[in-house]
Amino acid sequence: MNAQRVIADLRELAARTGNADGAQRLAWGPVWRDARAWFRAKVDALGLATRTDAAGNNWVTIAGASPKTVIVGSHLDSVPNGGWLDGALGMMAGLEALRMYAGTTPPVTLMLVDWADEEGARFSRSLLGSSAASGELIVDEVRGLADRQGVRLVDALAENGIALDRMTEARTHLQTIDARAYLELHIEQGPVLESMNKPTGVVLGTFGVERHTIRFTGQAAHSGSTPIPMRRDAFLAAAQTALACREIALRHSKPGPGQNVVCTVGVVNVEPKIVTAVPGVCEISLDQRALDATVLAAMLHDAKAAADDAARANHVDVSWRHIWRIDPRPFDPALIRLCEEAVREETGDAPRLPSGPLHDAAEMVPHMPVVMMFAYSSNGLSHCKEEDTPEPHLEKSVNAFLRLVQKTMAHV
Ligand SMILES: [Zn+2]
């Protein structure tokens, strides 16, 4: 195994598919196709074939003595002006895993998958290829999607040889695989490993998400003539709720790994939005995340109680509109242990942390044992050209991941 070769591949891909503003491998576009052609040539050079499933995911297989299969996955697409490591790190480490076993018959089968359109940056649907393979994708929900130029998803897919209505056949392909483990190396995209000064960490699972719009309805009134006790100020109810939700998140956060939770009020809309009017209507968004489903449910319950209290205190009405939710996807305990071993052997320590962002790995959790490994993010930055991992940390992360592949191949 050769981490320097992985880093050289990453630099080559960055030079080929990025510019001064960052990586430009937007899914379904020409630069992404070029990245995939470049990657396929590297796979060809190992004497291995690439096959594409009905959702555009690219698969490479090294058949083992047993059909039991270890899948290594990641993605080559990026957001516009993205980072050089998001997705690409996992793909290049996966390529090195193929190099470790190419030309041999390993005890079990090894597969590498390059998921199509992980980012959802163009059509606003993340994890498109992996959700088609997992059976989560509902085609009618994405049929109407179009990009900012008005190009429809269905046409962008067709340009890449993919028929929208047949995408879910990728599920059939995944079902034919005797998958015993799914492994993914990814840049953390957050500040946790950096704050601990650790090059690499073990991921416990991906956060569940509860996302709602909360609407407070009071009465717009003149700001000069209406005494404060007589107001029905919808904004103040929303503001009180936002502060209460922060307290709820802090209260439900515990010190252990994976025990902290987050919540964010990212949107505030007020009506009538006039400096001389008491706000009659205020809508806020609430995004709550936790790794433990019970904790997430309790956070939502507490937020509803807090919104009711704030509404009562301000003489306004409150209603909730569900936007989106996903269950927490905890990773497999046995694979987490192997991952800890691999990280500890390489770095002397095995910090554990949850993933706030979703990853393709989350789509595999219902179908097979899964674990992810994170690499240190400089300044916690990602989805931008500044995204980076210092080279010594990158090297350790790659080595630890390749150890994990070896351990898993021996374990399943
Ligand atoms: Zn990614």
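A cavity here is a set of grid points where a 1.4 Å probe fits but cannot get out, and its lining residues have an atom within 4 Å of a point. Keep that in mind as you look at this structure, which is a predicted model. Below is a quick tour of its empty spaces, one surface patch and some charged pairs. For a start, the structure holds 1 cavity of 30 Å³ or more and 31 salt bridges.

**The enclosed cavity**

- The largest cavity has a volume of about 70 Å³.
- Look for Arg36, Phe39, Arg40, Val43, Thr50, Asn58, Val60, Leu76, Met91, Leu112 and Asp114, as these residues line the largest cavity.
- Helix H2 (30–44), strand S4 (58–62) and strand S6 (108–115) each put at least two residues into that lining.
- H2 makes the largest contribution to the lining of the largest cavity, with 4 residues.
- Sorted by class, the lining of the largest cavity comes out as 6 nonpolar, 2 polar and 3 charged residues.

**The largest pocket**

- About 1000 Å³ of space sits in the largest pocket.
- A total of 48 residues line the largest pocket, and those closest to its centre are Arg289, Gly356, Pro357, Leu358 and His359.
- Two or more lining residues come from each of helix H5 (139–142), strand S9 (208–217), strand S15 (317–326) and strand S17 (352–355).
- S17 gives the most to the lining of the largest pocket, namely 4 residues.
- The mix in the lining of the largest pocket is 20 nonpolar, 14 polar and 14 charged residues.

**The second largest pocket**

- This one, the second largest pocket, holds about 190 Å³ of space.
- Its lining includes Leu204, His252, Lys254, Pro257 and Gly258, and also Ala290, Leu291, Asp292 and Arg352.
- By class, the lining of the second largest pocket splits into 6 nonpolar, 3 polar and 3 charged residues.

**A nonpolar patch on the surface**

- Phe235, Leu236 and Val268 form a nonpolar patch on the surface, and together they have about 240 Å² of accessible area.
- You'll find Val268 in strand S12 (residues 268–271).
- Val268 counts as partly exposed because its relative accessibility is 45%, and partly exposed covers the range between buried (under 20%) and exposed (over 50%).

**Charged pairs**

- Side chains of opposite charge can pair when their charged atoms come close.
- Arg152 pairs with Asp155 in a salt bridge, where the closest N and O atoms are 3.1 Å apart.
- Both ends of that bridge are partly exposed: Arg152 has 44% relative accessibility, and Asp155 has a relative accessible area of 38%.
- Glu169 and Arg166 also meet through their side chains in a salt bridge, at 3.0 Å from N to O.
- Glu169 is partly exposed too, at 36% relative accessibility.
- Another salt bridge brings together the side chains of Glu345 and Arg403, at 3.0 Å from N to O.
- That pair links distant parts of the chain, with Glu345 in helix H11 (residues 333–347) and Arg403 in helix H13 (residues 391–411), 58 residues apart.
- Glu345 is partly exposed at 44% relative accessibility, and Arg403 is partly exposed at 25%.
- Some salt bridges share partners, and in this way Arg5, Asp9, Glu12, Lys42, Glu96 and Arg99 are joined into one network.

Key. Residues numbered from 1 in each chain as written. Predicted model: local features only at pLDDT ≥ 70, side-chain atom pairs only at ≥ 80, totals over all residues. Heavy atoms only, no water. 1 Å grid on protein atoms, 1.4 Å probe; cavity = no way out; pocket = protein on both sides within 12 Å on 5 of 7 lines; lining within 4 Å. Points joined across faces, edges and corners; volume = space filled by probe spheres on them. Nonpolar A, V, L, I, M, F, W, Y, C, P; charged D, E, K, R; others polar. Patch = residues over 30% accessible without salt bridge, like charges linked within 9 Å, V, L, I, M, F, W, Y side chains within 5 Å. Areas by Shrake-Rupley, 256 points an atom, 1.4 Å probe, with all protein chains shown as cover. Salt bridge = Lys/Arg side-chain N within 4 Å of Asp/Glu carboxyl O. Buried < 20%, exposed > 50% of the residue type's maximum accessible area, 1.4 Å probe, protein only.
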